[in-house]
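Dear colleague,

Please find below the structure that I am handing over to you. My findings follow directly after it.

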Amino acid sequence: MPTLVAQNLAFGILMGGLYGLAAVGLSLVFGVTKFLNVAHGELLMLGGYASFWIFTLRGVDPFLSLPAIAVLLVLIGLILYTLLFSRMVKLPEADKIKNTLLVGFGVSLILQNLALLFFTADDRGITTSYAGKAFTLLGVRFPIVRVASLAIALVCLVALHFFLRRTYTGKAIRATVEDWEAATVMGINIQQVYLLAFVISAGMAGMAGALVAVCQSIVPTMGLDWTLIALVVMVLGGLGNILGTFVGGIALGVTHALTNIWPGGEYREIVALLLFLVVLVSRALGLFGSKEG
Amino acid sequence: MSGKQIIAIALIIALLVLLALLPMVIKAEYSINLAVLVLLYLGLAASWNILGGYTGQTSLGHAAFFGLGSLTTRLLWLNAGWPFFPSLLAGCGAAVALALLIGWPAFKLRGVYFAIGTLALAQVGNATVANLWPAISSLPAEYLATYQLAPRYYLFLVVAVLTVATAYFLVRSRLGLGMMAVREEEEAAESLGISAFRHKLLALVVSAFFAGLTGGAFAFHFTAYYPQFPFAPTWTFDAMMMAYIGGVGTIVGPIIGALFFVVTRELLVLTLQGVQFVVLGIEVSLEDLHLTVFGLLFILVVLFLPGGFVEAWGKIRPVFERRTKVKEVSLAS
């Protein structure tokens with residue numbers, strides 16, 4: 001029994017890193033632009049399929065193709081932002097939030113539908129030659145692809161953290177989060193900052209998707225589930241807090257692991273969403289932390 | 001009553017008579033089923049519109065009320081052996097009860113938080129029902145033997161007409177004006193003594209009631225489906241898209257939206273059936289392209305034509321009217 005709990009917890013933590021990587025882009029865009037990109041899960045899905053096809057058609061290892069996936073998703077993000085989201089930046093706050101939400105839904109619907117047409121509804125996964133390899137520590141099994149994924153997620157998040165803290169551009173992004181009007185007065189180009197946040201977010205989502213294809217499996221309809229996972233992690237970790245997002249991801253991973261033990265894996269999503277609703281409503285009521293709702 | 005109003009009422013009555021006569025004129029099951037689908041989507045879109053359109057609360061949890069209405073009706077009717085109509089009313093009651101239960105916490109959330117909160121709630125319902133009732137729900141053989149399409153059609157017709165009529169009279173009442181005031185500017189409405197919370201809750205309850213009613217009709221019509229199916233998020237998104245494409249926050253918007261949605265989908269499926277081409281060695285079948293088309297149209301409406309087809313008609317109409325006026329003037333002189 002203790003080994004079972006330890007094994008579940010280990011898997012939860014390993015998955016949690018991936019959840020953090022999946023959520024950090026959503027959180028960054030929400031913090032910077034104040035709009036919620038509900039097509040975030042579909043960007044993850046595209047990253048997963050890109051990695052899958054590069055592996056299947058060209059035989060490129062999914063870990064080696066990660067930078068290429070990131071670049072591809074940055075380009076897709078660039079197209080989506082310039083074509084659609086940039087049009088709504090100047091709207092009044094309430095309209096901006098609502099319209100970007102609706103446009104995001106349209107985008108997710110289109111991407112999901114096109115993926116179904118092109119990739120079929122089959123479950124796909126990347127099985128590398130080393131997929132089954134694992135090491136055992138204190139009786140707990142650690143599959144190496146999952147450990148590598150956690151490490152990559154951590155590296156990405158730490159890199160983003162230092163980019164935002166130490167570089168001039170990163171500081172401009174944070175200034176925009178604090179007060180976009182004051183940032184404009186200081187000569188920061190808001191449109192550029194928004195675009196940058198959006199493409200970084202897309203790139204991170206793409207890498208997360210590629211890692212999901214390695215660790216689990218991908219389907220065209222996975223977008224909504226991953227958008228919800230990212231939302232839960234974002235709310236658990238605190239908005240705009242990069243390292244907090246990582247902690248939120250681990251927290252969700254561990255929650256999933258505990259639900260696996262009781263009441264059972266099929267209640268995973270329900271427990272996570274209920275947790276999300278409780279945190280959301282208590283934040284709105286100002287029970288703990290700042291009032292954000 | 002002005003001449004225009006009399007003409008409008010006469011037209012509506014004529015349309016209703018035509019719709020009532022439809023199953024007697026058209027015998028093809030295919031056409032009746034298509035009409036049923038239009039009415040089903042109309043009920044969904046018009047009930048979403050009461051909360052999402054007139055009160056400005058973009059709910060992404062509409063499927064929860066539709067699903068709960070369908071689940072309750074089906075369980076009482078088929079499993080508990082109740083007669084159908086009490087089961088249908090119980091389905092509506094369950095949807096209203098859920099609305100009252102979640103209303104207080106849900107309306108503590110504003111804007112995007114309300115949207116994602118209701119979405120999460122609907123997904124909780126979706127996953128719970130999938131766990132508790134995993135087996136497909138089929139009509140028993142004795143019901144199947146006597147299955148008739150016409151009563152189903154009439155039920156959907158009554159449901160859709162009731163939904164649209166309620167929305168029509170509601171938005172012309174004091175309460176409806178309050179709902180729209182809350183949509184435009186919550187703080188300003190509050191300062192005029194309009195309780196934003198009460199009006200939002202009222203809109204949610206009315207919206208849930210008719211979503212539940214449509215769900216009950218769904219449970220009556222479909223012979224076999226998974227109980228989870230009406231809880232799927234698509235029902236919410238479809239309703240929202242139809243309301244927007246037709247004209248959000250208008251009475252005719254959902255009607256046009258539902259008609260357009262079902263007819264276009266059918267045409268696309270029929271024309272694209274079997275159309276295939278090969279890209280990068282992948283065989284692509286275009287049969288299900290309609291969601292891409294609606295998604296694109298939806299984005300274009302949100303970005304460029306927030307009033308949907310209703311607004312487009314409002315923009316085109318003066319062109320026609322000016323022409324007729326010019327004619328009248330030239331005749332008079």
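Gly238(A) adopts a positive phi of about 90° immediately after helix α9(A). Please note that this is a predicted model. The helix that precedes Gly238(A) covers residues 223-237 of chain A. At 1.5 Å a residue, its 15 residues should span 21 Å, and the end C-alpha atoms of α9(A) are indeed 21 Å apart, so the expected and modelled values agree. Of these 15 residues, 14 are buried, and α9(A) is therefore largely enclosed by the rest of the structure.

A second positive phi occurs in a hairpin of chain A, where Leu138(A), in the turn, has a value of about 55°. The hairpin is formed by β1(A) and β2(A), with two residues between the strands. Strand β1(A) comprises residues 134-137 and strand β2(A) residues 140-143; their pairing is antiparallel and involves four bridges. Within this pairing, Phe135(A) is placed opposite Phe142(A) of β2(A).

I turn lastly to a pair of helices. Two packed helices are described by the angle between their axes and the distance between the axes. For α2(A) (residues 40-58) and α3(A) (residues 66-83), the axes come within 10 Å and cross at roughly 140°. Because of that angle, α2(A) is oblique to α3(A). The crossing of α2(A) past α3(A) is right-handed. On the α2(A) side, the contact involves Leu43(A), Leu46(A), Gly47(A), Ala50(A) and Ser51(A), which meet Ile69(A), Leu72(A), Leu73(A) and Ile76(A) of α3(A).

Yours sincerely

Note on methods. Residues are numbered from 1 along each chain as its sequence is written. Chains are lettered from A and ligands numbered from 1 in the order in which they are written. This is a predicted model: local features need pLDDT of at least 70, side-chain atom pairs count only at pLDDT 80 or more; totals for chains, interfaces and linings use all residues. The expected span of a helix is 1.5 Å times one less than its number of residues. A residue is buried if 20 or more other C-beta atoms lie within 10 Å of its own, exposed if 12 or fewer, and partly exposed in between; C-beta atoms are placed from the backbone. Two strands pair if DSSP finds at least two bridges between them. Axes are lines fitted to C-alpha atoms, for helices over the stretch in contact, and angles run from 0 to 180 degrees between N-to-C directions. Angles under 35 degrees count as roughly parallel, over 145 as roughly antiparallel, 65 to 115 as roughly perpendicular and the rest as oblique. A crossing is left-handed if the near helix is turned anticlockwise from the far one by less than a right angle, and right-handed if clockwise. Two residues are in contact if their C-beta atoms, placed from the backbone, lie within 7 Å.
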